[in-house]
Amino acid sequence: MTTVQTPQPQKAVALGRHLLDVDSLGAEGIDRVLEEALSEALRATSLRGKTVVNFFYEASTRTRLSFEIAAKRLGADVINVSSGESSVTKGESLVDTARTLEALGADAVVLRHPEPGAAYLMARYFKGSVLNAGDGRHAHPTQALLDLLTLRQSFGDLRGLRVAIVGDIEHSRVARSTTVGLLLCGADVRLCGPRTLLPPRGWLETFPRSDRGGRVTQTASMGDALRDAHAVMALRMQGERQARSLLPDPKEFVRLYGLTRERLKELAPDALVMHPGPANEGVEIAPGLMDAPNSLISMQVTNGVLVRMAVLRLLLGGNGE
């Protein structure tokens, strides 16, 4: 079992022009977004006259729809584009796309892309706001923020909270971004999965600093991960990001790492259950847990809209009417 105590913090940075990952927000920036998501001012915000382009190079249901609903609730004009419907199929580069969207008058681009760092590249050439909706296995900041909002609503202060994240840690952008956010807010995170699906130990050293006492632990033992956990998040297998199969026997994964009612009863009887979706029911999570009384999964989906509304308002400067 490998444990790294996070060192002392650098100065936190609040939202600027873009949201590329939660690292740059710091604890204060995260607090600002979460408070905004629950504020009455959010419901009086107007982004009329603003244009938000959802540009998705990868398939998505929850993230794309919640960004669309969020922008429309704020009064913005929304344009949805997939790579198959754009000049990307003709060889247009991401830089060319950024310049085109700017010339067309877009105020914000919500970008999902299979390559890590794609949102950072877009931000270099697009003068509006870029919101990272997932770049390869690297980051998914709004998912992390909605996870944090869900946990804060359920537990209050996140300091000292024990959260287990179980499954394909190596290939999950959700695992990384949510862990970063939890650490910055002072929670203890236990990353768990088969050894073939855990990152190298040095990966733990890349997490940002926190002055709220958060730490991260990595283990292949479900017992160590789940015991006394306040919340457990199951992750799906990221087969599309694996160059080769890393599980010789998928049934063994279900037996050892699948989240079931029986396993929770044994190791974490009071834990609340989370999943970023889409879920492979019967693999990483038993079907009966998706809508069980201790499940926060529907709340996560609902909070996705609130968090994305908050981020759009903070980045685009919405005014109440």
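These legends go with close-up views of a predicted model.

**View 1. The largest pocket and what lines it.**
Start with the open space: the largest pocket has a volume of about 610 Å³. It is lined by 32 residues, and the ones closest to its centre are Thr-63, Arg-112, Pro-276, Gly-277 and Pro-278. Four helices, α3 (62-73), α6 (141-155), α7 (173-184) and α11 (297-316), each put at least two residues into the lining. The largest share comes from α11, with six residues. As for chemistry, the lining splits into 12 nonpolar, 12 polar and eight charged residues.

**View 2. A cis peptide bond at Gly-277 and Pro-278.**
Zoom in on two of the residues closest to the pocket centre, Gly-277 and Pro-278. The peptide bond joining them is cis, with omega at about -5°. Worth a look, since most peptide bonds are trans. Pro-278 sits in the loop between β11 (272-274) and α11.

**View 3. Helix α6 against helix α7.**
Here are two of the helices that help line the largest pocket. The axes of α6 and α7 come within 8 Å and cross at roughly 50°, which makes α6 oblique to α7. Their crossing is right-handed. On the α6 side, look for Pro-141, Gln-143, Ala-144, Asp-147, Leu-148 and Leu-151; they meet Val-174, Ser-177, Thr-178, Gly-181 and Leu-182 of α7. Sorted by class, this contact has six nonpolar residues, four polar and one charged.

**View 4. Helix α6 against helix α11.**
Now follow α6 to its contact with α11. These two pack at an angle of about 115°, their axes 8 Å apart, and the crossing is right-handed. From α6 come Thr-142, Gln-143, Leu-145, Leu-146, Asp-147, Leu-149, Thr-150, Gln-153 and Ser-154, and facing them in α11 are Met-299, Gln-300, Asn-303, Gly-304, Leu-306, Val-307, Arg-308 and Val-311. The tally for this contact is seven nonpolar, eight polar and two charged residues. Gln-143 and Asp-147 may look familiar: they are also among the α6 residues that meet α7.

**View 5. Helix α1 against helix α11.**
Helix α1 (residues 26-37) packs on α11 at an angle of about 115°, and the axes are 8 Å apart. The pair is therefore roughly perpendicular. This crossing is right-handed. Arg-32, Val-33, Glu-36 and Ala-37 of α1 meet Leu-306, Val-307, Ala-310, Val-311, Arg-313 and Leu-314 of α11. By class, that gives seven nonpolar and three charged residues, with no polar ones. Leu-306, Val-307 and Val-311 are also among the α11 residues that meet α6.

**View 6. Arg-43 and its surroundings.**
Arg-43 belongs to helix α2 (residues 40-43). Setting aside neighbours within four places in sequence, Arg-43 is in contact with Ala-37, Leu-38 and Leu-306. Two of these, Ala-37 and Leu-306, also take part in the contact of α1 with α11. Leu-74 is 31 residues from Arg-43 in sequence, with 7.8 Å between their C-alpha atoms.

**View 7. A positive phi at Asp-228.**
Which loop holds Asp-228? The one between α8 (222-226) and β10 (231-234). Asp-228 has a positive phi of about 65°, although it is not a glycine. For comparison, most residues other than glycine have a negative phi.

Technical notes
Residues numbered from 1 in each chain as written. Predicted model: local features only at pLDDT ≥ 70, side-chain atom pairs only at ≥ 80, totals over all residues. Heavy atoms only, no water. 1 Å grid on protein atoms, 1.4 Å probe; cavity = no way out; pocket = protein on both sides within 12 Å on 5 of 7 lines; lining within 4 Å. Points joined across faces, edges and corners; volume = space filled by probe spheres on them. Nonpolar A, V, L, I, M, F, W, Y, C, P; charged D, E, K, R; others polar. Axes fitted to C-alpha atoms, helices over the stretch in contact; angles between N-to-C directions. Parallel < 35°, antiparallel > 145°, perpendicular 65-115°, else oblique. Left-handed = near helix turned anticlockwise from the far one by under 90°. Contact = heavy atoms within 4.5 Å.
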